[in-house]
Amino acid sequence: MYYVGVDLGATNVRAVVGDETAAVLGAASRGTPRGPNGIAVTEAVLEVVRGACADAGIAPSEAVAAGIGSIGPLDLAEGIVQGPANLPDTVERIPLVGPVGRLLDTEEVYLHNDTIAGVIGERFHSERNPDDMVYLTISSGIGAGVAVDGNVLSGWDGNAGEVGHMTVDPHGFMTCGCGLDGHWEGYCSGNNIPKYARELHAEDPVDTALPIEDPDFSAVDVFEAAGEDTFADHVIDQLAHWNAMGIANVIHAYAPLVVSVGGAVALNNPDRVLDPIREKLPEMVFINVPEVRLTDLGDDVVVRGALASALTGGTGDRSRVENAP
């Protein structure tokens, strides 16, 4: 039997086709459309699902189930994304469950927040991950998938784990993509790092080689200049402060044994992102400090988690596959 996993991110859309052992047989990807509306994003999802099926040598109707890990916020009752924070305002409503189900001719389509799919992937594909863990993504946005006592937390509407929208700065120096002030994501996500750097530079316009005024100025520029530009180092130190504060809050809320970190910002800059967090956490955490490590699954963690969801009826419970006849 064949199963489909989909990762809908703010930057890219990916899909894989796997068999009953979770081996990936085909894959496809493309950039996430920035509009003109949510239907354009839906069509991109369907395009990569078709592409992954073609790469696996099967017709879409041969897949028996699909899992989707998506940016939020979600409306599980409708099977849609409603008002995503990291896409333009014109992208208001992205239908997912219905269109994917019709393409595959199945009612077995399981929709999750992308970080929830991430923690499902971590636990399904790695025996060393414990029952109490957090998968944290630092990418276009920031979010967490949480497992407590072996139970993956989803919430009634699928939006548990939107930790990027916790307030870390009560003074509200930065405005998040969701429109609210002081959120963790407003400082440390890939989309907002260059905006934060500009604001810091406006407050203290020191000499810097960073292309602050360039419209294409990005988080990549900040990390590439690290160690050679004093202002870039200052920005990275400020990011470490907010990241450590956010992770400390997550630790106090869920008491994980492991915090596994993924997302493009962390995966591309593990030493600059994770090492300072590890250094700062003991001074911020009242309870046991967990292991903070980079995910073993790299960019594949969400799409592999979505595939695991399809295999297990949306639960991510590996025993359902291991004990299947």
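This is a short tour of three sites in a predicted model.

**Stop one: the cysteines**

Select Cys178 and Cys176. Their sulfurs are 3.8 Å apart, and Cys176 holds the closest cysteine sulfur to that of Cys178. A disulfide needs sulfurs within 2.5 Å, so this pair is too far apart for a bond. Color Cys178 by accessibility: the residue is partly exposed, at 35% relative accessible area.

Now add Cys188. Its nearest cysteine sulfur is again that of Cys176, 11 Å away, and Cys188 is in no disulfide. Cys188 is buried, with a relative accessibility of 1%. Searching the whole structure gives zero disulfides.

**Stop two: Thr106**

Go to the loop between helix H2 (97-104) and strand E8 (109-113), and select Thr106 there. Is Thr106 buried or exposed? It is buried, at 14% relative accessible area. Show its side chain. A polar atom of that side chain sits 3.0 Å from the backbone nitrogen of Glu108. Next, display the surroundings. Leaving out residues up to four places away in sequence, Thr106 touches Ala63, Val64, Ala65 and Gly101.

**Stop three: helices H7 and H9**

Select residues 230-254 for H7 and 270-280 for H9. At what angle do the axes of H7 and H9 cross? They cross at roughly 60 degrees and come within 9 Å. The two helices are therefore oblique to each other. Their crossing is right-handed.

Turn on side chains to see the contact. From H7, the residues involved are Ile236, Asp237, Ala240, His241, Asn243, Ala244 and Ile247. They meet Arg272, Val273, Pro276, Ile277 and Lys280 of H9.

Technical notes:
Residues are numbered from 1 along each chain as its sequence is written. This is a predicted model: local features need pLDDT of at least 70, side-chain atom pairs count only at pLDDT 80 or more; totals for chains, interfaces and linings use all residues. Side-chain values use heavy atoms; hydrogens and water are left out. Buried means under 20% relative accessible area, exposed over 50%, partly exposed in between (1.4 Å probe, protein chains only). Helices (H or I, at least four residues) and strands (E, at least two) are DSSP runs, numbered from the N terminus. A polar contact is a pair of N or O atoms within 3.5 Å; within protein, one must be able to donate a hydrogen and the other to accept it, and residues adjacent in sequence count only if both atoms are side-chain atoms. Contact means heavy atoms within 4.5 Å. Axes are lines fitted to C-alpha atoms, for helices over the stretch in contact, and angles run from 0 to 180 degrees between N-to-C directions. Angles under 35 degrees count as roughly parallel, over 145 as roughly antiparallel, 65 to 115 as roughly perpendicular and the rest as oblique. A crossing is left-handed if the near helix is turned anticlockwise from the far one by less than a right angle, and right-handed if clockwise.
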